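Have the sequence and the model side by side. The walk below starts in a loop, moves to the ligand, and ends with helix packing.

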Amino acid sequence: MAQPSHSSERIVIVGGGFAGLSAAARLAESELPVTVIESSKLGYAASTQNQGWLHSGAWFAKAHPELANLCYESLLQTVAYCPECLEPGFGGMIYCSLSDPVSLQTWEKAWKAAGIPTQPLLTGELKWNMPQLERDAFAWTVRLPDRSFRPDVLLSQLAATARNAGAEIRSNTTVTGLMMQDQLVEGVSVGANEELPSRLVIMATGAYSVSRFPQLYQAIATEQSNYRLVCLKTHLRAISPGLTVDPFCIVDGVGMNHLPHPGTSVFGTSRWEVVSNAESEGVEKSEVEIIERQLNQLFPNGFDEQVNVHDWAGTTVQAMHVEQIEPGNAPLPTIIDHSQEPNRIENVLSIFPGRATLWAHLAEEVRTTVLEKIGSRQAEASLPPWAIMT
Ligand SMILES: Cc1cc2nc3c(=O)[nH]c(=O)nc-3n(C[C@H](O)[C@H](O)[C@H](O)COP(=O)(O)OP(=O)(O)OC[C@H]3O[C@@H](n4cnc5c(N)ncnc54)[C@H](O)[C@@H]3O)c2cc1C
């Protein structure tokens, strides 16, 4: 690793969402001096505007067994580390098909291969869980371990773990630039006139990565980058009071899904539009209409009482290795070491969880990469506080 001109040992993490806070917790626990800088409040962006689906990986198991495995492990680690983040009173997710009775066998094979346990639904359970729903429409139903979770609770616990291990966390503070000496990053500029020297900068800026730090992604005509950053947008509809009890998802069509939160049902699809502006959060009528059509099919008799409807959209960035071909479908956690990229900028990493669920896996990968980069043997054997004891 290239040596900066100062002697600061600090590692600066820019961004206090799932990527930044989980990395901070793991690095601070490994006795490294860490400062997190978040321009707003912690979890301000995608990390709290999401649907709160703690994936078991079952959704990805057919197409991406490796990703399914990572999700299941991250789910178990999340439950072990912060059980309070699970929405109380709601069970595992009911997976259903509207059209194809035979498809269950293929799904079950994939879930078995990924080590994700399934549970049949008991008689009457579906009626109790989905009182207003058109249940006869389903060709099959089965319960999987995906859960509805509260991102803010998990983020607070990660921040507490990081702080207890000595990390400094500054919110409402913006990193305005990188302190650069030729191709070497020596720290960050903060606000209007502060400079914070560091030995390594970790960018955990999610959808803002390219627009705010374009120098890291400038193309070089002669050499191709190993990664493609794809901005993805999805739409959600919250209906309150909540309509059905447990989370569910429909494996056919647009992948309609439902995540319950207290007093509210949040519906989405598995549609992730590729957009050019990663900060675009406007709600598009055509996308909301897709959710509406699905709801009309599932609730042909309407709702029992007056409901409030709130639609929103959010963007995230998926860093895809050039070999990945499907944006949105294989959101693997990714670390970009910019010294290995065509513009060879030293001492800076960019990190992307793929999905909030994958925070634990990303944090471990960040730790390994950082220790390797700074040549430290410190605390190499230490287990994370979210390790699952077997
Ligand atoms: C609508 C939507 C629904 C989703 N639903 C789910 C779901 O149900 N389950 C799931 O697992 N995943 C879901 N995801 C994906 C998940 O939310 C994201 O993968 C994850 O939150 C990304 O975390 P992050 O820390 O990389 O980015 P972010 O949460 O976006 O954090 C980036 C942070 O960087 C800060 N920042 C940016 N620039 C600066 C700067 N210059 N200085 C200081 N700070 C800065 C921002 O303020 C922000 O807080 C969803 C995403 C969206 C958009």
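**From a loop to the ligand and the helices**

P241 sits in the loop that links β12 and β13 (248-250). Helices (H or I, at least four residues) and strands (E, at least two) are DSSP runs, numbered from the N terminus. The peptide bond between S240 and P241 is cis, with omega at about -5 degrees. This is a predicted model, in which local features need pLDDT of at least 70, side-chain atom pairs count only at pLDDT 80 or more, and totals for chains, interfaces and linings use all residues. Residues are numbered from 1 along each chain as its sequence is written, and side-chain values use heavy atoms, with hydrogens and water left out.

A second loop deserves a look. N172 lies between β7 (168-170) and β8 (175-181). Its phi is near 50 degrees, a positive value in a residue other than glycine.

Now turn to the ligand. Around it stand 38 residues, each with a heavy atom within 4 Å of it. The closest are E38, S47, W53, V175 and T357. By class, the shell holds 16 nonpolar, 19 polar and three charged residues. Here Ala, Val, Leu, Ile, Met, Phe, Trp, Tyr, Cys and Pro count as nonpolar, Asp, Glu, Lys and Arg as charged, and the others, Gly among them, as polar.

Backbone atoms supply polar contacts, meaning pairs of N or O atoms within 3.5 Å; within protein, one must be able to donate a hydrogen and the other to accept it, and residues adjacent in sequence count only if both atoms are side-chain atoms. A backbone N or O atom of A46 is 3.2 Å from a ligand oxygen. A polar backbone atom of Q51 lies 3.2 Å from a ligand nitrogen. For A356, a backbone N or O atom is 3.1 Å from an oxygen of the ligand. The protein covers 99% of the 1000 Å² of accessible area that the ligand has on its own (Shrake-Rupley method, 1.4 Å probe; for residues, only the protein chains shown count as cover). Two or more shell residues come from each of α1 (18-29), α2 (46-49), β12 (227-240) and β17 (308-321).

Follow α1 to helix α9 (residues 359-374). Their axes come within 8 Å and cross at roughly 55 degrees. Axes are lines fitted to C-alpha atoms, for helices over the stretch in contact, and angles run from 0 to 180 degrees between N-to-C directions. The angle therefore makes α1 oblique to α9. Angles under 35 degrees count as roughly parallel, over 145 as roughly antiparallel, 65 to 115 as roughly perpendicular and the rest as oblique.
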